[in-house]
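Got the model open in your viewer? Keep the selection box handy and we'll go from stop to stop together.

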Amino acid sequence: MRLEVKSFFIGLVTGGAVMLILCVALLFTAAWVMNRREQRADVGPAPKFCPLIGDASVTRLLQPIRQKYNLPAMSAAVVTGDGLKLAGAVGVRQRGTEIPVTLDDLWHLGSDGKIMTSTLIARLVERGQLRWDITLAEVFPEIAPQMHPDFRRVTLLQLLSHHAGLPANLDLGAYSGGNAPQLRRRAVQAELQHAPESKPGSTYVYSNLGYIIAAAVVEKTTGQPWETLITQEVFQPLQMNSAGFGGTGTPGKIDQPWPHTENGAPVAVNGPDMDNPPVMGPAGRIHCTIQDWARFVQDQLRGARGEPALLQPESYAKLQTQPFGGDYALGWSVLSRAWGGGKVLNHCGDNTMNCANVWVAPKKDFAILVCVNQSGDQAFQATDDAVGALIDLIKKQ
């Protein structure tokens, strides 16, 4: 009997301990689940309030895509060689507010600015101030002895096509500050001492550093900052009056699309400094309205079609042709799509807080541009869906 009582108490204690452990485990699990729910609730679903502005044919397509991907706002445009045909925007400048985006708002273009840097260089090549095959040793003879020998022979063409053997990025923390031309010059001096990651001219490696060094070449040759030159040589001739550099908006005011991280949360602050540091300008630090971006893309479309444009026809051929094979030209990916009648041009930009995507179909004489004030794969997929929807719209029209 004692054994039975003892066994009963042992079983009771053991069972109680197991139940206690299970209860604690359940509490921790519940807390974890609630925490995850709270984290998701910080962002929440796309708000039902969705202001629309612009062409109804565009906003009707954008509205469900914005809802599907839970985005704060989207803007899109269709352009032909004759000019802007359609433009629209949906959503709010900042998640959690009811402040609508407008067609006057500025959108960050990220790496879609690379083709603008290449276009600036093409202008200088046409004037005889630069050559596509000019080498870094020719431009920087005073630094050349400290360069790795392989980098001395690197050309502008290799820099702009991501075939210079350079790493993808700088250590941006070491190059923060406002004197961008000086920092770009320092990058030439410091970064080119190391051995290349691959033999220049042999391998495609996407490199923001390559565009930074290309801008340093421009600055050394002309004696002017890249920011000044691209304004004078690209923005002003194309009447891109809204074009500027860095993040958008007045700090603390929701007067432009607010940047959002890839999980959809608004970043803590906004404004010009909420971006990669100024040294990165030539690789992707430009913003403008979608209409002004359309002016630039229209020019690229006209140039591809052999129509009068900012540059000479041979310059567009250079910008839009892969010099070393593969898919990448000088700021454009060159692809083939049936909907575009064959050769099309594409690029996507993302500064970790915004996303912009553009497709150009020269043979069909149209281009599509889409911007989102959020970063990441979800934002990119939304822009891709919007492009597809607008292609279908163009086919119907």
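Start by selecting T352. In this predicted model, T352 is exposed, with a relative accessible area of 53%, which puts the residue over the 50% cut-off. You'll find T352 in the loop between β8 and β9. Check the backbone while you're there: phi of T352 is near 80 degrees, a positive value in a residue that isn't glycine. For background, most residues other than glycine have a negative phi.

There's another one of these to look at. Select D365, in the loop between β9 and β10. Phi of D365 is also positive, near 55 degrees, and again the residue is not a glycine.

**The seven-stranded sheet**

Now colour the strands around those loops. Which order do the seven strands of this open sheet follow? Reading across, you get β1-β3-β2-β10-β9-β8-β7, with antiparallel pairing. β1 (52-54) and β7 stand at the edges with a single partner strand each, so one side of each has no neighbour in the sheet. On average, neighbouring strands here are turned by 15 degrees against each other, direction ignored.

Zoom in on the β7 edge. Select residues 333-337 for β7 and 342-350 for β8: these two pair in the antiparallel sense over five bridges. One pair to click on is L335 with its bridge partner V344 in β8. The hairpin of β7 and β8 has four residues between the strands, and G341 there takes a positive phi near 75 degrees.

Step across to the next pairing, β8 with β9 (residues 355-361). Six bridges join these antiparallel strands. To see one end of the story, select D350 and its bridge partner in β9, C355.

Now turn on the helices. Select 290-304 to light up α11, which lies across β2 (73-80), β3 (83-91), β9 and β10 (366-372). Helix α11 runs at about 150 degrees to β10. Then add α13, residues 376-396, which lies across β2, β3, β8, β9 and β10. The angle of α13 to β10 is about 150 degrees too.

**A stop by β1**

Go to P51, in the loop between α1 (2-43) and β1. Is P51 buried or exposed? With 17% relative accessibility, P51 counts as buried, since the cut-off is under 20%. Show the neighbours: leaving out anything within four places in sequence, P51 is in contact with A89, V90, G91, V92 and P100. Try a distance label from P51 to V92: the two are 41 residues apart in sequence, yet 7.2 Å apart in space, C-alpha to C-alpha.

**The three-stranded sheet**

Next, find the other open sheet, where three strands line up as β4-β6-β5 with antiparallel pairing. β4 (107-108) and β5 (244-245) are the edge strands, each with a single partner, so one side of each is left without a neighbour in the sheet. Two bridges join β5 to β6 (residues 286-288), and the two run antiparallel. Pick G244 and you can trace its bridge partner in β6, H287.

Stay here and select H108, which sits in strand β4. H108 is buried, at a relative accessible area of 3%. What does the H108 side chain reach at 3.0 Å? That would be the backbone nitrogen of G110. A polar contact of 3.4 Å also joins the side chains of H108 and N351. Now widen the selection: not counting residues up to four places away in sequence, H108 touches G246, G247, D275, G284, R285, I286, H287, N351, N354 and A356.

**Two crossing helices**

Last close-up: show α3 (residues 114-127) and α9 (residues 226-235). Their axes come within 9 Å and cross at roughly 75 degrees, which makes α3 roughly perpendicular to α9. Turn on side chains at the crossing. From α3 you have M116, T117, T119, L120, R123 and R127, meeting W226, L229, I230, E233, V234 and F235 of α9. By type, the residues of this contact divide into seven nonpolar, two polar and three charged.

**Zooming out**

Finally, reset the view and take in the whole chain. There are 13 helices and ten strands in the protein chain. Of its 397 residues, 52% count as buried. Among contacts between residues at least 6 apart in sequence, 67% join residues at least 24 apart.

How values were computed. Residues are numbered from 1 along each chain as its sequence is written. This is a predicted model: local features need pLDDT of at least 70, side-chain atom pairs count only at pLDDT 80 or more; totals for chains, interfaces and linings use all residues. Side-chain values use heavy atoms; hydrogens and water are left out. Axes are lines fitted to C-alpha atoms, for helices over the stretch in contact, and angles run from 0 to 180 degrees between N-to-C directions. Angles under 35 degrees count as roughly parallel, over 145 as roughly antiparallel, 65 to 115 as roughly perpendicular and the rest as oblique. Contact means heavy atoms within 4.5 Å. Ala, Val, Leu, Ile, Met, Phe, Trp, Tyr, Cys and Pro count as nonpolar, Asp, Glu, Lys and Arg as charged, and the others, Gly among them, as polar. Two strands pair if DSSP finds at least two bridges between them. Buried means under 20% relative accessible area, exposed over 50%, partly exposed in between (1.4 Å probe, protein chains only). A polar contact is a pair of N or O atoms within 3.5 Å; within protein, one must be able to donate a hydrogen and the other to accept it, and residues adjacent in sequence count only if both atoms are side-chain atoms.
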